[in-house]
Amino acid sequence: MRSRVWCGTAVAVLSLLAAGCGGGKDTGNKGTEKSAAAGGYPVTVTDCMGAKTTFAAAPEKIVTSNASSLELLLRLGAGDKVVGTGFPPGKGALPGELDAQAQKVEVLSRMVIPKEKLLGSGADLYIDTFASMAGMGGGMGDAPTEEEFKAAGIKHIHLKSTACAAMSKSPSTDLTAVENDITSLGAVTGTSAKAKELVAGMKEQVDGVQKAIGGTAENARPTYFFFDYDAGTKQPIAVCNRQVANAVITLAGARNVFADCDGDFKQVSWEDVVSENPDWIQLGVRNRGSQAANDKAFDEARKWLEGNAATKGLKAVKEGKFLRIGSERTTIAGVENATVVVEIARTIHPGKVK
């Protein structure tokens with residue numbers, strides 16, 4: 001199996017690590033309480049279980065568990081406060097200046113940040129995209145307890161659209177949880193004005209698509225399979241209905257062929273994919289650092305589907321209905337989710353979405 005270079009390395013921990021890459025509709029992420037809307041302090045946020053954390057002022061030194069929360073902080077203009085990250089974004093994974101800023105952030109670990117390094121980082125805030133690191137195994141190490149975070153002077157909060165995804169009670173069909181995370185991080189870091197701007201931009205993009213395809217009957221919406229090529233080809237990984245990609249696919253006017261799978265990700269068989277016979281297939285390839293390298297990876301993914309005995313007869317494969325859209329932008333909660341909604345919709349509904 002190829003390594004999951006963005007969110008993890010083993011399917012055994014997929015639901016924990018890749019939970020850092022999606023969101024659910026009813027994660028309970030109502031954003032922040034008290035004066036957050038006004039952009040003042042104190043600001044109180046809650047975790048997946050409702051536990052509260054209050055900020056009297058903006059944090060000065062932030063550590064992020066992975067690239068998801070790092071990217072959001074960079075977009076909010078709070079990147080100068082980030083002193084370290086785990087699961088760093090690969091070079092070229094973020095657009096333009098964001099990539100340059102991300103590459104300057106100290107990498108505390110290529111995977112989960114070791115407990116001792118995290119507690120000794122000097123941070124006053126740790127933004128966690130994982131619901132739990134306990135029991136991960138594989139040399140991941142133990143997560144600090146809340147008492148240890150407190151003793152080290154580190155406030156511990158979660159990116160709820162990712163950390164709470166797997167425990168969501170209903171499918172992810174919109175980007176509300178992602179937008180709430182942006183609003184919450186904006187309030188915590190004193191960048192509420194920028195957060196409002198980012199959320200408004202996302203809503204404008206998604207609303208435009210909904211206006212264009214709103215009258216399309218459910219059975220007229222094409223079926224869609226997200227092919228996670230980098231997760232390995234021996235046994236495919238399905239994007240389930242709690243993952244943010246399910247919301248992206250749904251909002252774009254398609255039907256995720258594994259939308260009946262409760263959770264974020266799940267191992268399935270190629271027989272399962274064949275039985276669904278999707279109308280469209282997204283070639284889920286992670287950013288390789290350059291357009292040339294990305295194009296090569298997309299070509300490899302397509303050739304594999306066209307040459308594999310189990311998949312070459314699929315409707316999408318025979319008709320060449322592939323979408324070349326990067327994995328991170330689809331499965332990692334962030335501003336780019338809205339852009340991908342537009343890109344998918346334009347491809348599968350060319351007569352309706354301009």
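Student: In which loop is the place of Phe87?

Tutor: Phe87 belongs to a loop that ends at α3, a helix covering residues 96-103. This model is predicted, and in it Phe87 has a positive phi of about 40° although Phe87 is not a glycine. The place asked for is the loop between β5 and α3.

Student: Which peptide bond is cis?

Tutor: The loop between β1 (32-34) and β2 (43-46) contains Pro42. Omega is near 5° for the bond that leads into this proline. The cis peptide bond is therefore the one from Tyr41 to Pro42.

Student: Over which residues, 1-31 among them, is the pLDDT below 50?

Tutor: The chain averages a pLDDT of 87, and 86% of the residues score at least 70. Over residues 133-140 the pLDDT is below 50, and this stretch has 15 contacts in the model beyond near neighbours in sequence. Where pLDDT is low, the predicted coordinates should not be read in detail. The stretches below 50 include residues 133-140 and residues 1-31.

Student: Which strands are at the edges of the open sheet with the order β5-β4-β6-β7?

Tutor: The 4 strands of this sheet pair in parallel. An edge strand here pairs on one side only, as is the case for residues 82-85 and for residues 155-158. The edge strands are β5 and β7.

Student: Which residue in β5 stands opposite Val63?

Tutor: Strand β4 (residues 62-64) runs parallel to β5, and 3 bridges join them. Val63 stands opposite a residue in β5, and that residue is Gly84.

Student: What angle does the direction of helix α2 make with that of β4?

Tutor: Helix α2 (residues 67-76) packs on the sheet. There α2 touches β4, β5 and β6 (125-128). Its direction and that of β4 make an angle of about 135°.

Student: Why is one side of β10 and of β13 left without a neighbour in the sheet?

Tutor: These strands belong to an open sheet of 4 strands with parallel pairing, in the order β10-β8-β12-β13. β10 (255-256) and β13 (322-323) stand at the edges, so one side of each has no neighbour in the sheet. The reason is that each has a single partner strand.

Student: Which residue in β10 stands opposite Tyr224?

Tutor: Strand β8 (residues 223-228) pairs with β10 in the parallel sense over 2 bridges. Opposite Tyr224, β10 places Asn256.

Student: Which strands does helix α11 touch where it packs on the sheet?

Tutor: Helix α11 covers residues 291-307, and its direction makes about 135° with that of β12 (280-284). α14 also packs on the sheet, touching β8, β12 and β13, with a direction at about 145° to that of β12. For α11, the strands touched are β8, β12 and β13.

Student: Are α8 and α14 roughly parallel or roughly antiparallel to each other?

Tutor: The axes of helix α8 (residues 192-213) and α14 come within 8 Å and cross at roughly 20°. Angles under 35 degrees count as roughly parallel. The two helices α8 and α14 are therefore roughly parallel.

Student: How many charged residues are in the contact of α8 with α14?

Tutor: From α8, the residues Met202, Gln205, Val206 and Val209 meet Ala338, Thr339, Val341, Val342 and Ala345 in α14. By class they divide into 7 nonpolar and 2 polar, and the number of charged residues is none.

Student: Why is α9 oblique to α14?

Tutor: Helix α9 (residues 244-251) and helix α14 (residues 336-348) have axes that come within 8 Å. What makes α9 oblique to α14 is their crossing angle, which is roughly 40°.

Student: Which residues of α9 make the contact with α14?

Tutor: The crossing of α9 and α14 is right-handed. On the side of α14, the contact is made by Asn337, Val340, Val341 and Ile344. On the side of α9, the residues are Val244, Val248 and Leu251.

Definitions and conventions
Residues numbered from 1 in each chain as written. Predicted model: local features only at pLDDT ≥ 70, side-chain atom pairs only at ≥ 80, totals over all residues. Heavy atoms only, no water. pLDDT = per-residue confidence, 0-100. Contact = heavy atoms within 4.5 Å. Axes fitted to C-alpha atoms, helices over the stretch in contact; angles between N-to-C directions. Parallel < 35°, antiparallel > 145°, perpendicular 65-115°, else oblique. Left-handed = near helix turned anticlockwise from the far one by under 90°. Pairing = 2+ DSSP bridges. Nonpolar A, V, L, I, M, F, W, Y, C, P; charged D, E, K, R; others polar.
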